[in-house]
Every structure is written in C-alpha cells, then in structure tokens.
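Work through the exercises below with the model open. Each task is followed by a solution in steps.

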Amino acid sequence: MLVTTSPLLARLGIRHGFSTRRGGVSTERYATLNVGAKWGDDPAHVAHNRKRLAAAGGFSLERLFTARQVHGARVALVVDGVLPERVATVEADALVSVVPESVVGVYTADCVPIVFADGEGRVAAAHAGWRGTVQGVAPATVEALVSVGARRESIRAALGPSICAHCFEVGEEVAAEFERLAPSAVLRPAGQKPHVDLWEANRRLLLDAGLALGNIDASPPCTMCEAERFFSFRRDGAKIGQHLSFVVAR
Ligand SMILES: [Zn+2]
C-alpha cells in the first residue's frame, strides 16, 4: 500500500492520505517510496515516486502546495492564483486551503503530520514535531481554518504515521516543556528517561482549540516501530526518505 488513510476522514469522503515507504523506486536508505527532495536521493527517483503517489492518492502534483518547514507554528493560506513554487519558498509548518482541487501537504519522518477537513471544502495540513507541537501549530491551524469560515464543531483532524510515546525518549528539558503544555503527554517509566506522547499532546491541544472528541483521530501507526512500512529519523538518522501527508480541497 502506497498510502494509509484515516477512517474518520474517509467516512466523510475527504480525499487524503499519508504516504508509506512502499511501492516506489528509490533504493537503500531511501527505499522505496521516498517523496522528499531534501536528503540527497536521486531526483529522478523522487520525481517518479511523487507521480506514483499522486496517482495512488488521486491528486494532481501541479495542484500540490507545500511550504518550507521550519519546526514553527506559522500557517500559510493558499489563495487562488498563487503558484505552488512560490508557496514552497514560504516558511510555514501548516497550510490551509479553500481553493477547489488544490492539495496541501507536509513532509515528515517521525514528526506528526495532521490533516484537517471541515467537510465543506476547507482543508489543512500541519507538521508537528515536538517543537511545533509546543509552539502550538495544531491550534494555530484550527484558528486559521476558523478565520476562513470553518465551524469548529465541523473540523475533523487526523494524525498520520509518526513516532509513538514508547519510542520517543526525551531529555528533561523537553519533558518540562510538555509538563507545562499537556501533563498527560509525559510518561516516566521507572529507571528510564522521560517519554513524550506527541499524539496525546496534539489531541489535548485540538480539544482545547474546540474540536469535538469524536472528530479527532489520534491513533496513527508508529513510524519507528514499523520499519517495513515507514521511514524514521529517530531509528535510522538523516539521509533517509520522507513521507508526504496530503488532503484535497473540493
Ligand atoms: Zn513506536
């Protein structure tokens, strides 16, 4: 399977997906479906993989909007007439779109991708690693959706494949940030360093931002646990493949 989906968004008929590492042409550390250009894979392989992913996901690469991700909380708004190439140079970690048939996406390899849809044509994608989570990229994306007319009670959010709490051991400074933000997201197994649950932290932030409990899918697979299916920065280091999470506005 090239992509996994969220049952929550699939039920609504939202075209979206989270790419896996399966079904592509890249080799070695990028094997096989690497769709990211930043870590040195053969550009021809990446281009071929992106075409395969778009075909499997039912979207057009010409309509795909991504940003230069910087582990922050800035949200970019896709407006009609803006070329994808221009948006790609904008520094942002979330994109919101209301332009029909446009696609917004984020790249990850352990960080939490979150795709949003209100079922009325408004969509968003956010990249929430631990820094972005602490800075509030998830609630910032909700506010941006509301600013373009979405009703909080209609917004659905689905977390994509990313690192689980069991795999995400952190230092005390990072744990302290999360103690302040969402105490339920910090685990302290006996005799170990603290662990942070990024899924729980983002779930709490989305609830606080006004999303309904049943409108949040916070049970994705773990990228680090599942080496066959996913790339993982924590497991394998840099110069690996990246996943793309995407959602299509209609
Ligand atoms: Zn794991």
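A residue is called buried if 20 or more other C-beta atoms lie within 10 Å of its own, and exposed if 12 or fewer do. The model used here is predicted.

**Exercise 1.** Which residues of α7 are buried?

Solution. Start by locating helix α7, which covers residues 198–208. Apply the cut-off of 20 or more C-beta atoms within 10 Å. The residues of α7 that are buried are Leu198, Trp199, Ala201, Asn202, Arg203, Leu205 and Leu206. Then look just past the end of α7, where Gly210 has a positive phi of about 105 degrees.

**Exercise 2.** State the order of the strands in the open sheet, and find its edge strands.

Solution. The open sheet has 6 strands, ordered β4-β5-β8-β7-β9-β12, with mixed pairing. Its edges are β4 (75–78) and β12 (216–217), each of which pairs on one side only.

**Exercise 3.** Describe how β5 is joined to β8, then place helices α5 and α7 against the sheet.

Solution. Strands β5 (residues 94–97) and β8 (residues 123–128) run antiparallel and are joined by 4 bridges. Ala94 has Ala126 in β8 as its bridge partner. Helix α5 (residues 137–147) packs on the sheet and touches β4, β5, β7 and β8, at about 165 degrees to the direction of β8. Helix α7 also packs on the sheet, touching β7, β8, β9 and β12, and its direction makes about 30 degrees with that of β7.

**Exercise 4.** Why does Pro43 count as exposed?

Solution. Pro43 lies in helix α2 (residues 43–57). Pro43 counts as exposed because it has 9 C-beta neighbours inside 10 Å, and the cut-off is 12 or fewer.

Notes
Residues are numbered from 1 along each chain as its sequence is written. This is a predicted model: local features need pLDDT of at least 70, side-chain atom pairs count only at pLDDT 80 or more; totals for chains, interfaces and linings use all residues. Two strands pair if DSSP finds at least two bridges between them. Helices (H or I, at least four residues) and strands (E, at least two) are DSSP runs, numbered from the N terminus. Two residues are in contact if their C-beta atoms, placed from the backbone, lie within 7 Å. Axes are lines fitted to C-alpha atoms, for helices over the stretch in contact, and angles run from 0 to 180 degrees between N-to-C directions.
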